[in-house]
Amino acid sequence: MKKIVFLFALLTLLIFSLAFKKSTINTFPLFGYLIVIDPGHGGLDPGAVYDGELEKNYNLDFAKTLKSQLEHLGASVLMTRSADYDLSISNTHRKKSDFDNRILLIDETSANMYISLHMNYLKETKYYGAQVFYSDVNKKNKTLAETIQSELNIFFKLNKKVKRIPSDKYMYNKINTKGVLIEFGFISSPKDRKNLLNEEYKNDLAKSIAKSIVTYLM
Ligand SMILES: [Zn+2]
């Protein structure tokens with residue numbers, strides 16, 4: 001009799017834990033994943049400047065939106081910066097020092113992936129929308145980039161292609177962790193700039209990126 005009770009208890013526990021695991025996967029598909037978000041530039045480095053608007057501010061602002069959407073899906077998120085500063089520790093090779101510390105932060109956290117955020121810039125103001133760039137230093141980066149790009153193309157109703165980052169570019173080719181650079185809009189586009197001031201738009205854009213990460217990981 002004792003044995004039957006024990007087996008019954010064990011079976012109940014098993015069913016309960018399986019159900020719990022399934023509901024965790026459904027509600028929090030990114031539970032257990034660590035993602036580093038890297039908002040480009042900061043501090044003395046404004047990034048692209050258009051009509052007095054600084055790329056570094058858009059990058060940080062959107063990084064916060066993306067962080068909260070990824071956390072909604074259960075991910076743990078780290079940011080390489082959470083305010084207006086860069087990561088350089090020396091003034092002599094400021095840019096290199098900034099890059100080196102971002103690389104260290106991303107690689108030494110054992111993150112599952114990094115997402116670096118920047119904005120595009122062109123003299124022609126008609127270009128808008130997001131594009132994903134990848135380094136082939138990690139062979140998984142291209143598929144990740146394509147998965148995110150296809151979701152972004154649905155969002156923007158565009159047909160942009162992912163682009164490989166040339167191997168002489170410093171930062172991304174030194175990061176071993178899987179990840180991509182997303183230029184989530186053009187700072188030179190009045191349409192993108194206006195949209196990025198709208199909370200609902202930012203949330204929707206961040207949701208589409210988060211959704212594509214789930215698609216990639218599942
Ligand atoms: Zn930039």
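The exercises below, each with a worked solution, concern a predicted model of a protein chain with a zinc ion.

**Exercise 1. The zinc site**

Identify the protein donors of the zinc ion and classify the geometry of the site.

Solution.
- Step 1. The donors are His41 through NE2, Glu55 through two OE entries, and His118 through ND1. They lie 2.1 to 2.7 Å from the zinc ion.
- Step 2. The angles among the 4 donor atoms run from 52 to 145 degrees. Four donors count as tetrahedral if all angles lie between 85 and 135 degrees. The range of 52 to 145 degrees goes beyond those bounds, and the site is irregular.
- Step 3. Along the chain, the donors have the spacing H-x13-E-x62-H. His41 sits in the loop between strand E1 (34-39) and strand E2 (49-50), whereas His118 belongs to strand E5 (residues 113-120). The two are 77 residues apart, and the pair links distant parts of the chain.

**Exercise 2. Burial of the histidines**

Decide whether His41 and His118 are buried or exposed.

Solution.
- Step 1. The cut-off for buried is under 20% relative accessible area.
- Step 2. His41 has a relative accessible area of 12%, so His41 is buried.
- Step 3. His118 has a value of 13%, so His118 is buried.

**Exercise 3. Helix H2**

Check the span of helix H2 (residues 55-72) against the expected value, then list its buried residues.

Solution.
- Step 1. H2 has 18 residues, and the expected span is 1.5 Å times one less than that number. This gives 26 Å.
- Step 2. The end C-alpha atoms of H2 are 26 Å apart, which agrees.
- Step 3. The buried residues of H2 include the zinc donor Glu55. The others are Lys56, Tyr58, Asn59, Leu60, Phe62, Ala63, Thr65, Leu66, Gln69 and Leu70.
- Step 4. Just after H2, Gly74 has a positive phi of about 100 degrees.

**Exercise 4. The nonpolar cores**

Describe the largest nonpolar core and the place of Ile213 in it.

Solution.
- Step 1. This core holds 40 residues, of which Leu70, Ile115, Ile148, Ile182 and Ile213 touch the most other members.
- Step 2. Elements giving two or more residues to the core include E1, H2, E5, helix H4 (141-156) and helix H6 (199-217). H6 gives the most, with 8 residues.
- Step 3. Beyond its neighbours within four places in sequence, Ile213 is in contact with Leu30, Ile35, Leu70, Met113, Ile115 and Ile148.
- Step 4. Another core, of 12 residues, lies apart from the largest one; among its members are Leu34, Val36, Met171 and Ile175.

Conventions
Residues are numbered from 1 along each chain as its sequence is written. This is a predicted model: local features need pLDDT of at least 70, side-chain atom pairs count only at pLDDT 80 or more; totals for chains, interfaces and linings use all residues. Side-chain values use heavy atoms; hydrogens and water are left out. Donors are N, O and S atoms within 2.8 Å of the metal (3.2 Å for Na, K and Ca); water is not among the atoms, so sites may look incomplete. Four donors count as tetrahedral if all angles lie between 85 and 135 degrees; four count as square planar and six as octahedral if opposite donors are over 155 degrees apart and all others between 65 and 115; anything else is irregular. Helices (H or I, at least four residues) and strands (E, at least two) are DSSP runs, numbered from the N terminus. Buried means under 20% relative accessible area, exposed over 50%, partly exposed in between (1.4 Å probe, protein chains only). A nonpolar core is a set of buried Ala, Val, Leu, Ile, Met, Phe, Trp, Tyr and Cys residues joined through side-chain atoms within 4.5 Å. Contact means heavy atoms within 4.5 Å.
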